[in-house]
Every structure is written in C-alpha cells, then in structure tokens.
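Student: I would like to learn how to read the ligand site and the helix packing of a model. Please take the features one at a time.

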Amino acid sequence: MRIAVVKEIKPAEARVGLTPAGAEDLVRAGHTVLVERSAGELAGFPDEQYLAAGAELVSREDAWGRAELLVKVKEPIAEEYPFLRDDLTLFTYLHLAADRPLTEALLAAGTLGIAYETVFDGTGLPLLAPMSEIAGSLAAHAAAANLMRPAGGPGVLLGGAPGVAPARVLVIGGGAVGTQAAQLALGMQAEVTVLEMSPTRIRQLDALLDGRARVLMSDVATVEAELAQADVVIGAVLVPGRAAPKVVSRAQLALLKPTALLIDVAIDQGGAFETSRPTTYADPIFEVDGIRHYCVANMPGAVPQTATRALTNATLPYIRRIAQQGAEAAVAADAALALGVNTRSGGIVHQGVAEAFADLPAAVGDRSLALR
Ligand SMILES: NC(=O)c1ccc[n+]([C@@H]2O[C@H](COP(=O)([O-])OP(=O)(O)OC[C@H]3O[C@@H](n4cnc5c(N)ncnc54)[C@H](O)[C@@H]3O)[C@@H](O)[C@H]2O)c1
C-alpha cells in the first residue's frame, strides 16, 4: 500500500504522523512510504532519517495525491480539504462532532475517515491514551515549575527537603491523565491525593499506587475538604462525549490557599473548574479571584518528539493492519478499528458524529453504528 505522511500545518502543531522507525517498519513489510519534505523536522526527525528508513521524500501535493492511506496527527484544516478524495483513507485525530466544515468536506469527498480518538478496544481509547499520559506528566512538571518563585509561585519545592514538608497535590480524576500526574508527582516526592468517582477505578488506583497516595471518593464534601489543604489542584476528569464536569466552582476558590495553583488539563473538554479558560504556552497562567489558573489546551505540543514517538507506538499496529489487509478488510476484521470509522462514502458512520449533525447524511445500518 502507498502510505503518506504530510507536514502538519495547523498553527503551533510540531508533531508528525509517523516516526522514521515507523516508516522503516512499513517499508520492510513491503509498503511504499511517502513523506512530505521537512514533515518531521519540528519533531526532531530530519528528512535524512526518513530516507535512511527507505521512505520517499515528496511534495505536499504528491503526498496527498499518491496516498492510499494518509497518516496525520491533527484534523485537516480548510486548505487541506481540496486534497480529500473518495479513494483515500485518512487516519488521524478528527474530532468531527466539534467540526462541521470538516465533516461536510469529508462527506463531499467520500473519504474513509478513521479517527484516532474513537478507536475503542473495549477497555479504553488506545490512540488517545498516549497523549493523556504525556499531558499528565506535563501537569506534574507544570506544578513543580510554577510553585517556584521566579514563575510567580510561593517559592515552594514540590518534594520538600529533608526536614521540610512536601507540597500537597490534589488530582481530581484518576484516569490516564490523573494517574500519570499522580505517579510523577509522587516520583518528585510530593504528597498526593487522588479523587475519583468510579468505584472500580478507585480499587484499581488503590492497588496501583499501593498506599503511596490517598485515593478518595470524589464527593462534594471531600473535594471541599481537600481544596483547603492543596498547594496544587490538577483537573483531570472526563465523562466521555460530554463537556467536563465542573468539580470546582468560582465560590469554592475561596476555600483554597491564596498561593494555590490550579492546573486544568481537562480544558480541552471545557475545563474542570468553572473559572478556567484555554491558554497557550505563550501565556499559560491567568488569575481569577487571586488564584492562579494554568489551562494550556494542547500540553503535548511542548514535547513533539516524545509525543510523536508515543503516538506512532500506538498507531503503528493499526497502520500495519490497514496496509496489509486494505482499509475495509482491516475494519471488518477489527471491532476496535471499526469504531474509529467516522465517515465513509459520503455518509456519517460514527453515532456521536451522526447525533451532532442530524441533518447530514448518515450511513444508517453501518456495522460501526451497530457496535456502538
Ligand atoms: N490539555 C491537554 O493537552 C490534554 C491532553 C490530553 C488529555 N486532556 C484531557 O484530560 C482529561 C482527562 O483525560 P483522560 O484521558 O485522563 O480521561 P480518562 O477517561 O482516562 O479519565 C477521566 C477520569 O475522570 C473520572 N471522573 C469523571 N468525573 C469525575 C468527578 N466528578 N470527580 C472525579 N473523577 C471523575 C472518570 O471516572 C475517569 O476515571 C480529558 O478532558 C482530556 O480531553 C487534555
């Protein structure tokens, strides 16, 4: 199969859809890999590495035009819509329910659109989890950095010092983001509490963290009691398909220490704190009622090399299957991948997207809809 990788052109996106190691794997399996010139440069993968891997360096037009399978990171933006066609499989993050113009463009072109974020293997979202884990780690880094005085913090070392108590980190939501944030904060010797709503997940966290962190049920009384103790609060909640639940209201900010730092990782889903609004690395922090809020919406964007490697680790097994079997056969054989199909032959396949755009054509009776 001809598999192509293009340079991401969405502003501030430095990741790329495939590492040179991933390209080499596919070339060795007998496929042709086309890489747009300088596609991997910002992620730390120069053209020479793709050439050495056996890939062909091409123009953007050639990459899109010759591809049978196009592998990306972010959803196509308007200037990429003209490249969509009906004999193309597009494998990338799509987030269609929030993007009517792209949904319409994919339908008009008849493209088979498979979204990373809706591939579901029965236990979780394997192509979303790597970015969540990275965001969780970065949240702990942001906590440590922004408690320091030069960053405007109270001048506290996250892990304390011999004879000096560590900072208290409150993580709300113990999924992929929250678990990784807790693990890293524990690694830096902070005192960590995780609040979770799911009894099953609470048991798993209890076993995983093995007494190193307190794991408590996330009810209002516990949230309020813990807010009063926290030096850092990390918002890491998710209710799939919905806006993030607001776990801290504006009124509850008054319970916090004046020097407390709120880090809202769930900001891409609307935020876990009522007072959050999205920020970027250029200006990550703002204050509401004197409380500092850190709400960077694309945290993995700071570490494109690690994020690209983690993404390829997760996507490559699916890319291999699509390349070996053909997209439709691979989808038919793999229930997880079938749930990734969002658009096909001019119809919406994924139920969530169909519900978001009830007036657009749906591929009714499609296998993926039935599986949902
Ligand atoms: N800002 C970024 O760059 C970035 C990057 C990756 C993920 N995210 C976001 O981080 C959030 C978490 O993602 P995830 O992959 O960890 O999700 P996840 O599904 O793995 O975990 C979310 C957890 O929150 C729990 N939860 C839900 N409501 C709760 C409540 N009221 N109190 C306590 N726990 C509650 C759920 O039970 C679940 O265990 C999502 O909104 C995701 O979009 C942001």
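**Ligand contacts and helix packing**

Tutor: Start with a polar contact: an oxygen atom of the ligand lies 2.7 Å from a backbone N or O atom of Met299. A polar contact is a pair of N or O atoms within 3.5 Å; within protein, one must be able to donate a hydrogen and the other to accept it, and residues adjacent in sequence count only if both atoms are side-chain atoms. The ligand exposes 870 Å² when taken alone, and the protein buries 85% of that. Accessible areas come from the Shrake-Rupley method with a 1.4 Å probe, and for residues only the protein chains shown count as cover.

Tutor: This is a predicted model, in which local features need pLDDT of at least 70 and side-chain atom pairs count only at pLDDT 80 or more, while totals for chains, interfaces and linings use all residues. Residues are numbered from 1 along each chain as its sequence is written, and side-chain values use heavy atoms, with hydrogens and water left out.

Student: What lies 2.8 Å from an oxygen atom of the ligand?

Tutor: An N or O atom in the side chain of Asp268 does. For Ala176, a backbone N or O atom is 2.9 Å from an oxygen atom of the ligand.

Student: How many residues surround the ligand?

Tutor: A residue is near a molecule or strand if one of its heavy atoms lies within 4 Å of it. Here 28 residues surround the ligand, and the closest are Ser132, Val177, Glu196, Ser218 and Met299. The shell consists of 18 nonpolar, seven polar and three charged residues. In this count Ala, Val, Leu, Ile, Met, Phe, Trp, Tyr, Cys and Pro are nonpolar, Asp, Glu, Lys and Arg are charged, and the others, Gly among them, are polar.

Student: Which element supplies the largest share of the shell around the ligand?

Tutor: Helices (H or I, at least four residues) and strands (E, at least two) are DSSP runs, numbered from the N terminus. The largest share, three residues, comes from α5. At least two shell residues each come from α5 (129–146), α6 (176–187) and β8 (191–196).

Student: How is helix packing read?

Tutor: Two packed helices are described by the angle between their axes and the distance between the axes. Axes are lines fitted to C-alpha atoms, for helices over the stretch in contact, and angles run from 0 to 180 degrees between N-to-C directions. The axes of α5 and α6 cross at roughly 40° and come within 7 Å. That makes α5 oblique to α6; angles under 35 degrees count as roughly parallel, over 145 as roughly antiparallel, 65 to 115 as roughly perpendicular and the rest as oblique.

Student: At what angle do α5 and α9 cross?

Tutor: Roughly 150°, with the axes of α5 and α9 coming within 9 Å. The pair α5 and α9 is therefore roughly antiparallel.
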